[in-house]
Amino acid sequence: MYAPERQQEILRLARDGGRVDVVSLAEEFQVTAETIRRDLKALDRAGLVRRVHGGAIPAGRLDFEPDLAERESTAADEKDRIAKAALAELPMQGTVILDAGTTVARLAGIVPLEAELTVVTHSLPIAARLADHPGMQLHLVGGACGTVRAPPWTPGRCGPTARSAPTSCSSRPTASPPGTG
């Protein structure tokens, strides 16, 4: 089999299976792992696959992320059930850290107004849902927006600032907001 023929088959396998790995391809085509790596490199340069450790995935697979409205409407009943179950475990006093996500946002939407919580989150939608709770101390973690790890469509923040924030938050009430005196 010629290299272009093998590369076409590798591309078909990647698209059909969602990924390919070097070792399996080498066995299937009875060539060396280095030959497969060269094939994957050629397909990557052509923009047809993305090389990952040990293999490749079809191009575009890493770039796809449904928009927020689509994610919020997907499995809505299940998300509501999960949010209600999580609420039953949530203390009405204390400190909690809430991650970003549409299921967690549903939880934030049903937290009672009388909850006296210190909440740490890096999610703007979650912070917005909790901002009107009078007994809430809300800490919105800062960080980069629109980076490789936090594409522009992701409402959560990440990066070094966001990762270090939970260690700098205190669950003790302060007389004035941090940094104001």
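Student: How many bridges join E5 to strand E6?
Tutor: This model is predicted: local features need pLDDT of at least 70, side-chain atom pairs count only at pLDDT 80 or more, and totals for chains, interfaces and linings use all residues. Strands (E, at least two residues) and helices (H or I, at least four) are DSSP runs, numbered from the N terminus. Two strands pair if DSSP finds at least two bridges between them. E5 and E6 (residues 137–140) run parallel, and the number of bridges joining them is four.

Student: Which residue of E6 is the bridge partner of Thr118?
Tutor: Residues are numbered from 1 along each chain as its sequence is written, and side-chain values use heavy atoms, with hydrogens and water left out. Look in E6 for the bridge partner of Thr118: it is Gln137.

Student: Through which helix does the chain cross from E5 to E6, and what is the hand of this crossover?
Tutor: Point the strands away from you and follow the path from the first strand over the helix to the second: clockwise means right-handed. Here the chain leaves E5, passes through helix H7 (residues 124–130) and arrives at E6. So the link is H7, and this β-α-β crossover is right-handed.

Student: In which sense do E4 and E5 pair?
Tutor: Strand E4 spans residues 93–98 and shares six bridges with E5. One of them joins Gln93 to its partner Glu116. From E4 the chain crosses through helix H6 (residues 102–110) to E5, in a right-handed β-α-β crossover. The sense of the E4 and E5 pairing is parallel.

Student: Why is E5 largely enclosed by the rest of the structure?
Tutor: Buried means under 20% relative accessible area, exposed means over 50%, and partly exposed is in between (1.4 Å probe, protein chains only). Strand E5 covers residues 116–121. It is largely enclosed because its buried residues number five of six.

Student: Is Ala86 buried, exposed or partly exposed?
Tutor: Ala86 lies in helix H5 (residues 76–89). Its relative accessibility is 29%, so it counts as partly exposed.

Student: How far apart in space are Ala86 and Leu107?
Tutor: In sequence they are 21 residues apart. C-alpha to C-alpha, the distance in space is 7.1 Å.

Student: What span does helix H1 reach from its first C-alpha to its last?
Tutor: The expected span is 1.5 Å times one less than the number of residues. H1 (residues 3–17) has 15 residues, and 21 Å is expected. The helix comes close to that, reaching 21 Å.

Student: Within what arc do the buried residues of H1 fall?
Tutor: The buried residues are Arg6, Gln7, Ile10, Leu11, Leu13 and Ala14. Seen down the axis, they line one face of the helix, because the directions from the axis to their C-beta atoms fall within an arc of 165°.

Student: Which exposed residues does the other face of H1 carry?
Tutor: This face is turned away from the buried side of H1. Its exposed residues are Pro4, Gln8, Arg15 and Asp16.

Student: Which strands stand at the edges of the three-stranded sheet?
Tutor: This open sheet has the order E1-E3-E2, with antiparallel pairing. Each edge strand has a single partner, so one side of each is left without a neighbour in the sheet; these strands are E1 and E2.

Student: Which residue of E3 is the bridge partner of Val20?
Tutor: Two bridges join E1 to E3, and the strands run antiparallel. In E3, the partner of Val20 is Ala56.
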